[in-house]
Amino acid sequence: MPRLDSRIDPHDARFTAQRPAMLALVEQLRALEARTRAASARAAPLFERRGQLLPRERVARLLDPGSPWLELSTMAGHLLDDADPERSVAGAGLICGIGFVAGTRCVVSASDSGIEAGAIQSMGREKMLRAQAIALENRLPFVQLIESAGANLLRYRVEDFIEGGRLFFNLARLSAAGIPVIAVVHGSSTAGGAYLPGLSDHVIMVRGRARAFLAGPPLLRAATGEIATDEELGGAEMHTSVSGLGEYLAQDDTDAIRIAREVVGRLGFSREPRLAAFEEPRFDPDELAGVVPLDFRQPFDMREVVARIVDGSDFLEFQPDHGPQTVCGHAELHGHRIGVVTNNGPLDPAGSNKATHFIQACCQSGAALVYLQNTTGYIVGRASEQAGMIKHGSKMIQAVANASVPAVTIHCGASFGAGNYGMCGRAFGPRFVFSWPNARTAVMGGEQAALTMRLVTEATARRRGEPADTAKLDALGRRIVENFERQSGALHTSARLLDDGVIDPRDTRRLLGFVLDTCAEAGRRELRPLSFGVARP
């Protein structure tokens, strides 16, 4: 297979300027993640007095030592819990990711009960829904570590209540699909949250700490006048000996994690060992921090990115001279056959046709698709419209939407307009989608939006025979640009679960290898679906 060459010089002025700028964004991301961990860790004295492990300690003990762990959506809820950038705590009160438990690849969801007692936040609900969707699509056991104060009644919104029902719908669907759901109840799981263990296939409850009831003592007394203790209503001993909600009674958090690992180990879902060897890229993935400019207006060759993520930097480019701004080609990554689709400019009719053909060819051969987004969108103008841009762009979107192989999307730079759709953005259901910290996503650039509104407003004024107010138009333009700029950044979009996380560009190859392993494992796994989920007698 042909090998890519590189024109990047790690010592030239452009590279040495771009690298520290990218690393500064990575440092900002890591600082926000560290703030979340620190906020949870401040509850350590309370957890120690109660004889409990902190949420991240629970996750660490659940996972196989030294195994890879891909944490998802670490920026969920950023600036949505608190508009003050200095006080906002990202993560939405939930720890989610993919890791190995007793040799089995699983999706893990853990209440971060060190923050607001694990109260469910709006974006926390969306984060768990996304984790459940990943488990279902990739046929992964779903392990829940539960300790939540339930919904935050001070922030109650009726839509949160209605949409929250999808959490329970998904648990039922997972079980019915033959995908085991395991719940470890470390503390409270009350009201609607009681259905988290109730809809699980295997439930472990911690003696003296676990609580699961539809109405706690205060609500019960207010509603019916009945007086009962926590243990009588929903304690671990009652549920494992009387109601039958729980199968296993653990003595403490450590014992509960031990039991959970044993349960997972007996599911028969252990991964098959990967025997295929692969060659590392000829160019250092660490250089990705300096390859890409932060300003999406500055051109660069996405082949430089491909050369640093695919095995051996080997890349068989598909129709390189036809629609050349759209780059397609065959490669391998961690031994997996992949088709790469990326951009060195806008999508034009020729490039759209090429991408459509290539996507269909990958579906025919069974190669997973990796979209590296870097486009200002589908090209506009008289020539492109007459050449059938809408028609050819629609064919590409048809191919993307109906592709029969797994797709993974990385936002490497610009992602504007319908180019976001044609390059398999979130709405088109890629198995996974991640963003580099420099990524920008919007319906168009802020300057273009401002100029469009200015031209429309001026035309309206002329039709009315009125002079245009230049000062007002200038102010309007500034507001539009600010609004677009504020919403287009990677931290803003990731806070709203429009990706599965912001990543360090230098980790792109390793991350793609992990998620491609996940997709391939799902393709090999045979499930034993049921008409209904597992139900207790």
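1. The side chains of R3 and E279 come together in a salt bridge, with a distance of 2.8 Å from N to O. R3 belongs to the segment before helix 1, while E279 sits in the loop between helix 10 (253-265) and helix 11 (288-291), so this pair ties together parts of the chain that are 276 residues apart in sequence. R3 has a relative accessibility of 43% and therefore counts as partly exposed, and E279, at 38%, counts as partly exposed. Please keep in mind while reading that this is a predicted model.

2. A second salt bridge joins the side chains of D253 and R58, at 3.1 Å from N to O. The pair links distant parts of the chain, since D253 is in helix 10 and R58 in helix 3 (residues 55-62), with their positions 195 residues apart in the numbering. As for their surroundings, D253 is buried, and R58 is buried as well.

3. In a further salt bridge, R211 is paired with E231, and the closest N and O atoms are 3.8 Å apart. Here R211 comes from strand 7 (residues 211-213) and E231 from helix 8 (residues 230-234), so that distant parts of the chain, 20 residues apart, are linked. R211 counts as buried because its relative accessibility is 15%, which is under the 20% cut-off, whereas E231, at 27%, counts as partly exposed.

4. The pairs described above belong to a longer list, for the structure holds 43 salt bridges. Some salt bridges share partners, and in this way R125, E126, R157, E159, D160, E163 and R166 are joined into one network.

5. One member of that network, D160, is also a useful guide to the largest pocket, because D160 is named with I120, G150, A151 and N152 as lying nearest the centre of this pocket, which is lined by 43 residues. The elements that give two or more residues to the lining of the largest pocket are helix 4 (122-137), strand 4 (142-148), helix 5 and strand 5 (181-190). Helix 5 gives the most, with six residues. The volume of the largest pocket is about 1,100 Å³, and its lining consists, by class, of 20 nonpolar, 17 polar and six charged residues.

6. Helix 5, which spans residues 158-176, also holds V158. At 45% relative accessibility, V158 counts as partly exposed. Together with Y156, F161 and I162, V158 forms a nonpolar patch on the surface, and the accessible area of these residues together is about 450 Å².

7. The second largest pocket has a volume of about 770 Å³. It is lined by 41 residues, and those closest to its centre are W69, L70, E71, R510 and L511. Helix 1 (13-41), strand 1 (69-72), strand 2 (94-101) and helix 20 (508-524) each supply at least two residues of this lining, and helix 20 gives the most, with seven residues. Sorted by class, the lining of the second largest pocket has 15 nonpolar, eight polar and 18 charged residues.

8. How many cavities of 30 Å³ or more are there? The count comes to two. The largest cavity holds about 40 Å³ of space, and its lining is made of F296, F416, R440, A442, M444, G445, G446, F484, E485 and S488. Strand 15 (440-442) and helix 18 (470-488) each supply at least two residues of this lining, with the largest share, three residues, coming from helix 18. By class, the residues around the largest cavity divide into five nonpolar, three polar and two charged.

9. The second largest cavity has about 40 Å³ of space, and it is lined by V292, P293, L294, D295, F296, F300, N374, G413, N438 and R440. A careful reader will find F296 and R440 in this lining and also in the lining of the largest cavity. The lining of the second largest cavity has five nonpolar, three polar and two charged residues.

10. A last point concerns N402, which lies in helix 15 (residues 389-402). N402 counts as exposed, because its relative accessibility is 56%. The C-alpha atoms of N402 and F428 are separated by 9.2 Å, although these residues are 26 residues apart along the chain.

Definitions and conventions:
Residues are numbered from 1 along each chain as its sequence is written. This is a predicted model: local features need pLDDT of at least 70, side-chain atom pairs count only at pLDDT 80 or more; totals for chains, interfaces and linings use all residues. Side-chain values use heavy atoms; hydrogens and water are left out. Patches are made of residues with over 30% relative accessible area and no salt bridge: like charges are joined within 9 Å, nonpolar side chains (Val, Leu, Ile, Met, Phe, Trp, Tyr) within 5 Å. Accessible areas come from the Shrake-Rupley method with a 1.4 Å probe; for residues, only the protein chains shown count as cover. A salt bridge is a side-chain nitrogen of Lys or Arg within 4 Å of a carboxyl oxygen of Asp or Glu. Helices (H or I, at least four residues) and strands (E, at least two) are DSSP runs, numbered from the N terminus. Buried means under 20% relative accessible area, exposed over 50%, partly exposed in between (1.4 Å probe, protein chains only). On a 1 Å grid over the protein atoms alone, a cavity is a set of points where a 1.4 Å probe fits but cannot get out, and a pocket is an open set with protein on both sides within 12 Å along at least five of seven lines; lining residues have an atom within 4 Å of a point. Grid points are joined across faces, edges and corners, and a volume is the space filled by probe spheres set on the points. Ala, Val, Leu, Ile, Met, Phe, Trp, Tyr, Cys and Pro count as nonpolar, Asp, Glu, Lys and Arg as charged, and the others, Gly among them, as polar.
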